[in-house]
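Me: I am new to this structure and would like to go through it in short questions. Please show it before we begin.

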Amino acid sequence: MKQHTGLNATQNTIHTANAEWRPIIIFGAALKNDGAPTPALQDRVRAALAFGKQYKNVLYIPTGNVPQNGVTEADVMTGLLLKGGISAEHIIAEQTATDTFDSVVACTKILQKQGIGEQSVALATSPYHMPRCMLLMRLAGWRVQQIPFPYKNLPQTNLFHKTLIIAHEVLATGWDALLVLGWRIVR
């Protein structure tokens, strides 16, 4: 069953010129085969919700379009945000990105459309993924802030699997950084 997605990236801006909005990008994580959120995805949303409570006008941007059982990461995160008490008017679900690079590009377009400029953008993701997300967003031209993540860093698994996760992040960071720089040159 498809969940409510708040405003999507193609709809009009949601705030007035007078409002100071605090944007929070929540990077997606793989869903379970049945479309349910993994613990990593739930933790990313919980971290964003806890951080967002400090501010009056928060704009949540859940990003991710890798569907399982008819729902995307952004759909599931939007549902979790709504259950967490966030109004649909404070959510813009980014429904196109299939990887971290795509999320950075798509979220940059959303932020620009919303008139977000000088204030920093808060990022919610798992700690092993945070360095890549922060670097890519900075390379895309944003001031960023890491949202505290008081949950497990890596899934409960063996050392070999943890090493693979970290190696993937290291290699993907270099590749994605080149992609973002290239995108900034040609846009």
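What follows is a set of questions and answers on this predicted model.

Me: What is the mean pLDDT of the chain?

Reply: The confidence is not even along the chain: over residues 1-5 the pLDDT is below 50, and it stays under 50 over residues 9-13. Where pLDDT is low, the predicted coordinates should not be read in detail. Of the residues in the chain, 88% reach 70 or more, and the mean pLDDT is 89.

Me: Which helix gives the most to the largest nonpolar core?

Reply: This core has 26 residues, and Ile25, Leu111, Leu123, Met137 and Trp142 touch the most other members. Elements that each supply at least two residues include strand 2 (22-27), helix 3 (100-113) and helix 4 (130-139). With six residues, the helix that gives the most is helix 3.

Me: How many residues are in the second, separate core?

Reply: Among the members of this second core are Ile26, Leu31, Ala47 and Val71. The core is separate from the largest one, and its number of residues is 22.

Me: Are helix 4 and helix 5 roughly parallel or roughly antiparallel to each other?

Reply: Residues making the contact include Leu135 and Leu139 of helix 4 and Ala172 and Val180 of helix 5. By class, this contact has seven nonpolar, two polar and five charged residues. The two axes come within 9 Å and cross at roughly 10°. Angles under 35 degrees count as roughly parallel, so helix 4 and helix 5 are roughly parallel.

How values were computed. Residues are numbered from 1 along each chain as its sequence is written. This is a predicted model: local features need pLDDT of at least 70, side-chain atom pairs count only at pLDDT 80 or more; totals for chains, interfaces and linings use all residues. Side-chain values use heavy atoms; hydrogens and water are left out. pLDDT is the predictor's confidence in each residue, from 0 to 100. Contact means heavy atoms within 4.5 Å. A nonpolar core is a set of buried Ala, Val, Leu, Ile, Met, Phe, Trp, Tyr and Cys residues joined through side-chain atoms within 4.5 Å. Buried means under 20% relative accessible area, exposed over 50%, partly exposed in between (1.4 Å probe, protein chains only). Helices (H or I, at least four residues) and strands (E, at least two) are DSSP runs, numbered from the N terminus. Axes are lines fitted to C-alpha atoms, for helices over the stretch in contact, and angles run from 0 to 180 degrees between N-to-C directions. Angles under 35 degrees count as roughly parallel, over 145 as roughly antiparallel, 65 to 115 as roughly perpendicular and the rest as oblique. Ala, Val, Leu, Ile, Met, Phe, Trp, Tyr, Cys and Pro count as nonpolar, Asp, Glu, Lys and Arg as charged, and the others, Gly among them, as polar.
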